[in-house]
Amino acid sequence: MDACFVRKTALALTVIGSAGAAQAADVEVLHWWTSGGEAAALNVLKDDLQGQGIGWNDMPVAGGGGEQAMTTLRARVTAGNPPTAVQMLGFDILDWAAEGALGNLDDVAAAEGWDAVVPEALQAFAKYDGHWISAPVNVHSTNWVWANKAILDELGIDQPADWNGFVTAMQKVQDAGKVALAHGGQAWQEATMFDGVVLSAGGPEFYKSAFIDLDVDALGSDTMVEAFNRMATLRSFADENFSGRDWNLASAMVINGEAAFQIMGDWAKGEFVNAGKKPGEDFICFRVPGSAGTVTFNSDQFAMFNVTDEGARGAQAKMASAIMSPAFQSAFNVVKGSVPARTDVPNDAFDACGKTGMQELAAAADSGTLIGSMAHGHANRAAVKNAIYDVVTAHFNGEYDAETAAEELANAVEAAM
Ligand code: BGC
């Protein structure tokens, strides 16, 4: 175990142990939840903490997927002034823990029995060397499609059963003069689509070989060429103004009936809900055709940084406890579009898409098809993720044909390993 981590862990344990006695202060929270749906979900957390006398010092850093937020975080830590709590994903959490930058939540985790209720797949990122280092607030999943029901009804389109059916459906929409695929041209959004597309082209074992095991043969294979061909097909169904568009504006195109489909993680559902739309009536949700049965997941967690102020430490422990309460997990995730990060939360308050998401998460965990999202930092470390982003986005923007893209992907990942 890293000596620095041990020293800091011991220090943090002492402090959190005395957290009850400490006067709770404010929490400064760095996050990237700036869209309408995200802000609504964030308010659930803010209100919960404020109800306990913990003040909220907001540090939003816009940019879907969190890349900009992570850059800001690095600058804050380098300046010796880390925020108290930070929204973080997957391998980024483990990397900060390895640097000895994170506090320790073992006391609150033990008192509240987190080990028994947080799925293993999440504990893999919430614990470092056996110690709790972050509090998981949700489970999102990336291989979803969001569709405008009125457009599908008007054009007589059924929910597509497989990839070819999806392509036929998009063609029908395009022929009718509407945008078939609402897309935001940013690397992380293309990578998010790639999660579902690679699954649809190669299945879960292929996805694991390529993105988790970083098998160079899989990365450069004919199956990967097929995945890139599918990405080019998707691009042909986007409108010409997709470049640089934020993901929530792409969601708004589906919400407003300008576009039929969006491939996006279930944070998109937060936008539909925030706009007063109902699943089954206004929109439908389904897995990227060809990927059903597999769930590529990412879990937003709040990592607590080592801070010196005792009041701030007390607030960190209280915030972690608030996040993990079953009532909060239900209230928050209903608004966010995600599902709870604990297995014992009732599904009563969730809409049809949320109930499906909860049931599919549990089934995938049982069948070995719950797999970390490449696009959202749960398959590999940031260096590898960014190398994949670069190739996927260059191909999407016409820099490479599919064969060259697969070759470049294998080379780029090998160089980043
Ligand atoms: C986060 C979501 C967020 C989305 C878009 C993902 O990485 O996990 O919580 O809504 O990015 O910003």
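Biologist: Buried means under 20% relative accessible area, exposed means over 50%, and partly exposed lies in between, with a 1.4 Å probe and protein chains only. Which residues of H18 are buried?

Modeller: They are Val384, Lys385, Ala387, Ile388, Tyr389, Val391, Val392, Thr393, Ala394, His395 and Phe396. That makes eleven of the 15 residues, so H18 is largely enclosed by the rest of the structure. Helices (H or I, at least four residues) and strands (E, at least two) are DSSP runs, numbered from the N terminus.

Biologist: What sort of model is this, and how are residues numbered?

Modeller: This is a predicted model, where local features need pLDDT of at least 70 and side-chain atom pairs count only at pLDDT 80 or more, while totals for chains, interfaces and linings use all residues. Residues are numbered from 1 along each chain as its sequence is written, and side-chain values use heavy atoms, with hydrogens and water left out.

Biologist: Back to H18. What do its buried residues pack against?

Modeller: Helix H3 (67-78), H10, helix H12 (222-236) and helix H19 (402-416). Contact here means heavy atoms within 4.5 Å.

Biologist: How does the length of H18 compare with what its residues should span?

Modeller: The expected span of a helix is 1.5 Å times one less than its number of residues. For H18 (residues 382-396) that gives 21 Å, and the end C-alpha atoms are 20 Å apart, which agrees.

Biologist: And what follows H18?

Modeller: Gly398, with a positive phi near 85°.

Biologist: Which residues other than glycine have a positive phi?

Modeller: Asp129 is one of them, with phi near 50°, and Leu214 is another, near 55°. Most residues other than glycine have a negative phi.

Biologist: Where do they sit, and are they buried or exposed?

Modeller: Asp129 lies in the loop between strand S4 (127-128) and strand S5 (131-132), and counts as partly exposed at 41% relative accessibility. Leu214 is in the loop between H10 and helix H11 (216-219); at 9% relative accessibility it counts as buried.

Biologist: H10 has turned up twice now. Which core does it give residues to?

Modeller: The largest nonpolar core, where H10 (residues 187-212) gives the most, with eleven residues. A nonpolar core is a set of buried Ala, Val, Leu, Ile, Met, Phe, Trp, Tyr and Cys residues joined through side-chain atoms within 4.5 Å. This one has 74 residues, and Trp146, Phe194, Phe211, Met224, Phe228, Leu234 and Phe261 touch the most other members. A second, separate core has 62 residues, including Met88, Leu89, Ala101 and Ala315.

Biologist: How many disulfides are there?

Modeller: One, if a disulfide is a pair of cysteine sulfur atoms within 2.5 Å. Cys285 and Cys353 form it, with sulfur atoms 2.1 Å apart. The torsion about the S-S bond is about -110°, so the disulfide is left-handed.

Biologist: What does it tie together?

Modeller: Cys285 is in strand S11 (residues 283-287) and Cys353 in helix H17 (residues 352-367), so parts 68 residues apart in sequence are joined. Both cysteines are buried.

Biologist: How many aromatic pairs does a search of the whole structure find?

Modeller: It finds 19. Rings of Phe, Tyr and Trp (its six-membered ring) pair if their centres lie within 6.5 Å; planes under 30 degrees apart count as stacked, over 60 as edge-to-face and the rest as tilted. Phe166 and Phe286 have ring centres 6.5 Å apart and planes at 90°, so this pair is edge-to-face. Phe166 lies in helix H9 (residues 163-175) and Phe286 in strand S11, so the pair ties together parts 120 residues apart in sequence. Both Phe166 and Phe286 are buried.

Biologist: What about Trp188 and Trp267?

Modeller: Their ring centres are 6.4 Å apart with planes at 40°, so they count as tilted. Trp188 is in helix H10 and Trp267 in helix H14 (residues 267-274), so the pair links parts 79 residues apart in sequence. Trp188 is buried at 4% relative accessibility, as is Trp267 at 6%.

Biologist: Last topic, the open sheet of three strands. What is its order?

Modeller: S7-S12-S14, with mixed pairing. Two strands pair if DSSP finds at least two bridges between them. Strands S7 (140-141) and S14 (370-372) are the edges, each with a single partner strand, so one side of each has no neighbour in the sheet. S7 and S12 (residues 295-298) run antiparallel, joined by two bridges; the bridge partner of His140 in S12 is Asn298.
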